[in-house]
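Trainee: I should like to take one part of this model and go through it closely. May I put a request to you once the structure is in view?

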Amino acid sequence: MWSIQKADYAKPAGVAGLGSKKAGKLGKLGPVVEKVVLPVETNPEKLVDFVCGSNILKQGQDIQLKPDNEYPEWLWSLRLTKPAPLEEMDENSIQYWRRLRKLNIRRQSRLMKLRKY
């Protein structure tokens with residue numbers, strides 16, 4: 001006669017971290033990890049005068065900001081919004097051709113998704 005074997009190894013494992021939130025307690029996938037809350041600087045004078053978070057060492061202090069005239073001029077003309085459209089770029093620059101290639105690859109990908117096999 002034929003016998004049917006039941007496979008218990010294919011059961012879903014579940015979601016990690018669900019259940020008890022006690023640190024060190026073992027769950028199905030190992031110990032539950034507590035979320036670390038990082039301190040946020042709220043002192044307005046320090047936020048204006050220093051680059052908060054620039055010091056990664058335990059000792060020392062953050063980098064102090066200098067007056068605006070000590071920084072190079074190109075720093076104030078950086079584009080902080082979306083990249084320039086293709087029509088505004090110089091056709092003789094490498095950035096233009098890289099952007100054109102990227103846009104054409106995206107266009108080709110969208111067209112290939114529509115193709116029926």
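Trainee: Which side chain has a polar atom 3.5 Å from the backbone nitrogen of Gly 53? Please give a close account of that residue and its surroundings, and then place it within the chain.

Mentor: The side chain is that of Asp 62, a polar atom of which lies 3.5 Å from the backbone nitrogen of Gly 53. The model is a predicted one, and what follows should be read accordingly.

Asp 62 is located in the loop that runs between strand S3 (50-51) and strand S4 (63-64). Its relative accessibility is 16%, and because the limit for a buried residue is under 20%, Asp 62 counts as buried. The side chain of Asp 62 also has a polar atom 3.1 Å from the backbone nitrogen of Asn 55. Two backbone nitrogens, those of Gly 53 and Asn 55, are thus to be considered together with this side chain.

The contacts of Asp 62 extend beyond these two residues. Leaving aside residues up to four places away in sequence, Asp 62 touches Lys 46, Phe 50, Val 51, Cys 52, Gly 53, Ser 54 and Asn 55. For one of these, Cys 52, the separation from Asp 62 is ten residues in sequence, with a C-alpha to C-alpha distance of 6.0 Å.

The charge of Asp 62 deserves separate treatment. Side chains of opposite charge can pair when their charged atoms come close. Although buried, Asp 62 has no salt bridge: the nearest side chain of opposite charge belongs to Lys 46, at 4.4 Å. A salt bridge requires a nitrogen-to-oxygen distance within 4 Å, so the pair of Asp 62 and Lys 46 does not qualify.

Lys 46 does have a partner, however. Its side chain meets that of Glu 41 in a salt bridge, with 3.9 Å from N to O. The whole structure yields one salt bridge in such a search. Both partners are partly exposed, Glu 41 at 33% relative accessibility and Lys 46 at 31%.

A second loop offers another polar contact to inspect. Ser 93 occupies the loop between S4 and helix H2 (94-114), and counts as buried with a relative accessibility of 17%. The side chain of Ser 93 reaches the backbone oxygen of Asp 90 at 2.8 Å.

The aromatic residues can be taken next. Two aromatic pairs are counted. Tyr 71 and Trp 76 make up an edge-to-face pair, with 6.2 Å between ring centres and 85 degrees between the planes. The ring centres of Tyr 96 and Trp 97 are 5.0 Å apart and their planes stand at 90 degrees, so this pair is edge-to-face as well. As to accessibility, Tyr 71 is partly exposed at 26% and Trp 76 is partly exposed at 47%. Tyr 96, by contrast, is buried at 11%, while Trp 97 is partly exposed at 47%.

It remains to set these details within the chain. There are two helices and four strands, which follow one another along the sequence in the pattern β-β-α-β-β-α. Of the 117 residues, 7% count as buried, and Asp 62 is among the buried residues. Among contacts between residues at least 6 apart in sequence, 0% join residues at least 24 apart. The chain exposes about 12,200 Å², of which carbon and sulfur atoms supply 58%.

Note on methods. Residues are numbered from 1 along each chain as its sequence is written. This is a predicted model: local features need pLDDT of at least 70, side-chain atom pairs count only at pLDDT 80 or more; totals for chains, interfaces and linings use all residues. Side-chain values use heavy atoms; hydrogens and water are left out. Buried means under 20% relative accessible area, exposed over 50%, partly exposed in between (1.4 Å probe, protein chains only). Lys and Arg count as positive and Asp and Glu as negative; His and the chain ends are not counted. A polar contact is a pair of N or O atoms within 3.5 Å; within protein, one must be able to donate a hydrogen and the other to accept it, and residues adjacent in sequence count only if both atoms are side-chain atoms. Contact means heavy atoms within 4.5 Å. Rings of Phe, Tyr and Trp (its six-membered ring) pair if their centres lie within 6.5 Å; planes under 30 degrees apart count as stacked, over 60 as edge-to-face and the rest as tilted. Accessible areas come from the Shrake-Rupley method with a 1.4 Å probe; for residues, only the protein chains shown count as cover.
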